Amino acid sequence: MSEKKLELNPCVGCKKCLPCFMSVNIPEIFKIYNDYVKDKNEKKAAEAYDSLKNYEKAPNCVTCNQCIQKCPLHINVPVMLQIADDTLTVLNK
């Protein structure tokens, strides 16, 4: 993967964004992404993201923004999900 500067997602894993009506596993995706940003272990991150069920993955987000309203940190979840997905999906290629 290119040496693009990745920044940690501010998510603390409180899970207040859940339930997502599309079943996207927001906190787990952010945890996998943050673990990758910290340790750069591509294999571990790819395996962790691949272990999610397809319906739990970021591309299923429909940008309803309900998660943003529920998030105590007001994280722009749809944007951050896209960043996480863009980063994690290329690790297996």
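Which residue forms a salt bridge with D39, and how far apart are the closest N and O atoms? The partner is K44, and the closest N and O atoms of the two residues are 3.4 Å apart. This briefing describes a predicted model, in which a search of the whole structure finds three salt bridges and two cavities of 30 Å³ or more. The points below begin with helix α1 and then turn to charged residues, the largest cavity and the backbone of the segment before α1.

**Helix α1**

- Helix α1 covers residues 26–39, and because each residue should add 1.5 Å, its 14 residues are expected to span 20 Å, which agrees with the 20 Å that separates its end C-alpha atoms.
- Most of α1 is covered, since ten of its 14 residues are buried; among them are I26, P27, I29, F30 and I32 in the earlier part of the list, and Y33, N34, D35, Y36 and V37 in the remainder.
- The buried residues of α1 pack against three other helices, namely α2 (42–50), α3 (66–70) and α4 (77–89).
- After α1 comes K40, a residue with a positive phi, near 55 degrees.

**Salt bridges**

- Within α1, the side chains of D35 and K31 meet in a salt bridge with an N to O distance of 2.8 Å, and because the two residues are four apart in this helix, about one helical turn separates them.
- The two ends of this bridge can be told apart by their surroundings, for D35 is among the buried residues of α1, whereas K31 counts as partly exposed because its relative accessibility is 45%.
- In the salt bridge between D39 and K44, D39 counts as partly exposed at 38% relative accessibility, and K44 is likewise partly exposed, with a relative accessible area of 44%.
- K43 forms a salt bridge with E47, with the closest N and O atoms 2.9 Å apart, and both residues lie in helix α2, four residues apart, or about one turn of the helix.
- K43 counts as exposed at 60% relative accessibility, while E47 counts as partly exposed at 46%.
- As a general point, an α-helix has 3.6 residues a turn, so residues three or four places apart point the same way.

**A buried charge without a salt bridge**

- D85, which lies in helix α4, is buried yet has no salt bridge.
- The nearest side chain of opposite charge to D85 is that of K57, at 7.1 Å; that distance is beyond the 4 Å limit for a salt bridge, so the two are not counted as a pair.
- Leaving aside residues up to four places away in sequence, D85 touches Y49, A58 and P59.

**The largest cavity**

- The largest cavity has a volume of about 120 Å³, and of the 18 residues that line it, the closest to its centre are C20, I26, C64, Q66 and C67.
- Helices α3 and α4 each supply at least two residues of this lining, and I26, one of the residues closest to the centre, is also among the buried residues of α1.

**Backbone of the segment before α1**

- In general, most residues other than glycine have a negative phi, and most peptide bonds are trans.
- A cis peptide bond, with omega about 0 degrees, joins L18 and P19, and P19 is found in the segment before α1.
- K15, in the segment before α1, has a positive phi near 70 degrees although it is a residue other than glycine, and K15 counts as exposed at 53% relative accessibility.
- S23, also placed in the segment before α1, is not a glycine and has a positive phi of about 70 degrees; S23 counts as partly exposed at 36% relative accessibility.

Key: Residues numbered from 1 in each chain as written. Predicted model: local features only at pLDDT ≥ 70, side-chain atom pairs only at ≥ 80, totals over all residues. Heavy atoms only, no water. Expected span 1.5 Å × (residues − 1). Buried < 20%, exposed > 50% of the residue type's maximum accessible area, 1.4 Å probe, protein only. Contact = heavy atoms within 4.5 Å. Lys, Arg positive; Asp, Glu negative; His and termini not counted. 1 Å grid on protein atoms, 1.4 Å probe; cavity = no way out; pocket = protein on both sides within 12 Å on 5 of 7 lines; lining within 4 Å. Points joined across faces, edges and corners; volume = space filled by probe spheres on them.
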